[in-house]
Amino acid sequence: MSRRTRTARRRPVAAAVLAAGAVLLPAVPASAASGADQDFVIEDPRITESSGLAASKRHPGVYWTHNDSDDGAFLYAVDSRTGKTVATVTMTGVGEPRDVEAISLGPDGNLYVGDIGDNLGGTWDHVWIYRLPEPAELRDQTVAATQFTVQYEDGPRDAEALMVHPKTGRVYLASKKQSGGRLYAGPEKLSAQGVNVFRPTGADVDWVTDGAFSPDGSELVLRSYLGAKAYDWKGDGSLGEPRRLSAPLLGQSESVTYTADGTGLMYGAEGTRSRVVRVDVEKRDGAGGEGKAPGGTKSPGAGAGDADGAGGGGEADGGDGKPTGTAGLVVVGAVVLVWLGLRKGRRGAK
């Protein structure tokens with residue numbers, strides 16, 4: 001499906017979510033915008049549909065991203081200090097990408113790119129994963145990539161989340177469904193020959209647009225349009241009980257990654273000059289802690305939604321550290337409208 005057709009179908013949803021995001025997100029503080037691994041705006045006019053994020057391991061403060069479909073085999077390195085693109089990588093050896101939705105860094109120093117989207121509702125009999133070494137130098141260059149053919153054991157799926165475990169290097173995918181989504185595990189090692197079959201792990205996950213493992217591999221975070229959840233990683237692909245995270249509403253919320261040091265989660269979205277917002281990761285107590293934004297204040301959109309999109313409204317900060325009740329009610333209404341709009345669109349697509 002072309003970008004124009006897909007964007008037209010998504011526009012009512014994106015508009016409603018943007019309305020909610022406008023309530024929740026104040027201007028980026030100058031102190032936060034000036035440092036690495038803090039809030040930033042993607043300035044590159046070529047990046048209009050940032051659909052994945054991965055924190056560089058070689059280059060502190062740099063994040064890899066890519067457009068959704070119809071852009072070609074390009075990856076962009078964006079410096080979080082300035083929001084500017086500091087390198088453009090053109091992948092070779094991968095044919096013509098179809099619907100690139102995710103990017104992740106593995107423990108082998110390679111970037112894994114997921115050409116795994118299926119806007120036709122899960123009709124393509126195979127998708128692809130591309131693997132290439134993270135460049136040692138930040139400059140425009142061409143890099144040879146290895147292409148892997150992927151199929152799901154239980155038939156075609158639409159997916160937008162690819163996660164590489166930071167210890168084992170195993171690749172996982174999460175299918176994108178409003179209900180009944182599933183987590184899939186790839187082979188222990190991907191093979192460039194033949195087909196790599198991804199099998200369900202038994203974990204059900206809903207409406208996932210991206211995901212990321214913590215740097216120590218103990219936790220998996222899954223993002224949706226209206227929120228994020230964290231799960232203890234059991235090692236066999238099973239998940240612990242979900243914990244709702246503080247996640248900002250950012251229009252069409254498409255991406256999440258941990259900072260390289262694991263102290264923060266970076267949330268991104270599609271759109272021209274789209275924002276990437278940091279939420280600090282707090283140590284969990286017995287009940288599980290919420291993330292907070294820099295400065296110790298509650299992050300924008302805290303508790304704004306479950307990963308299945310059915311969560312309640314968050315509270316906006318009135319500037320003195322106290323929640324503004326009226327803004328909170330507006331957020332609740334906006335989230336409800338988005339939810340109803342998505343359900344209506346889904347019914348209309350059947």
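**Strands β15 to β18, Q252 and a cavity**

Mentor: Let us begin with strand β17 (residues 227-232), which pairs with β18 in the antiparallel sense over two bridges; bear in mind that this is a predicted model.

Trainee: Which residue is the bridge partner of A230 in β18?

Mentor: A230 of β17 has R243 as its bridge partner in β18.

Trainee: And what sheet do these strands form, in what order?

Mentor: The sheet is open and made of four strands, running in the order β15-β16-β17-β18 with antiparallel pairing. The edge positions belong to β15 (210-213) and β18, each of which has a single partner strand, so one side of each is left without a neighbour in the sheet.

Trainee: Okay, over how many bridges do β15 and β16 pair?

Mentor: β15 and β16 are joined in the antiparallel sense over four bridges, and A212 has V221 as its bridge partner in β16. The two strands form a hairpin with five residues between them, in which G217 takes a positive phi near 80°.

Trainee: What about the hairpin of β16 and β17, how many residues are between them?

Mentor: That hairpin has two residues between its strands, and the antiparallel pairing of β16 and β17 extends over six bridges, with S224 standing opposite G227 in β17.

Trainee: Is β16 largely enclosed or left open by the rest of the structure?

Mentor: Strand β16 (residues 219-224) is largely enclosed, because six of its six residues are buried.

Trainee: Which residues sit on each side of it?

Mentor: In a regular strand the side chains alternate between the two faces of the sheet. For β16, E219, V221 and R223 lie on one side and L220, L222 and S224 on the other, and all of them are buried, so that both faces are covered.

Trainee: Changing topic, where does Q252 lie?

Mentor: Q252 belongs to the loop between β18 (243-244) and β19 (253-258).

Trainee: Buried or exposed?

Mentor: Q252 is buried, because its relative accessible area of 10% falls under the 20% cut-off. The side chain of Q252 also makes a polar contact, at 3.1 Å, with the side chain of E254.

Trainee: Last thing: how many cavities of 30 Å³ or more does a search of the whole structure find?

Mentor: The search finds one cavity of 30 Å³ or more, and about 80 Å³ of space lies in that largest cavity.

Trainee: What lines it?

Mentor: The lining of the largest cavity consists of 16 residues, with N67, D68, G72, P97 and V100 lying nearest its centre; by class, the lining residues divide into seven nonpolar, four polar and five charged.

How values were computed
Residues are numbered from 1 along each chain as its sequence is written. This is a predicted model: local features need pLDDT of at least 70, side-chain atom pairs count only at pLDDT 80 or more; totals for chains, interfaces and linings use all residues. Side-chain values use heavy atoms; hydrogens and water are left out. Buried means under 20% relative accessible area, exposed over 50%, partly exposed in between (1.4 Å probe, protein chains only). A polar contact is a pair of N or O atoms within 3.5 Å; within protein, one must be able to donate a hydrogen and the other to accept it, and residues adjacent in sequence count only if both atoms are side-chain atoms. On a 1 Å grid over the protein atoms alone, a cavity is a set of points where a 1.4 Å probe fits but cannot get out, and a pocket is an open set with protein on both sides within 12 Å along at least five of seven lines; lining residues have an atom within 4 Å of a point. Grid points are joined across faces, edges and corners, and a volume is the space filled by probe spheres set on the points. Ala, Val, Leu, Ile, Met, Phe, Trp, Tyr, Cys and Pro count as nonpolar, Asp, Glu, Lys and Arg as charged, and the others, Gly among them, as polar. Two strands pair if DSSP finds at least two bridges between them.
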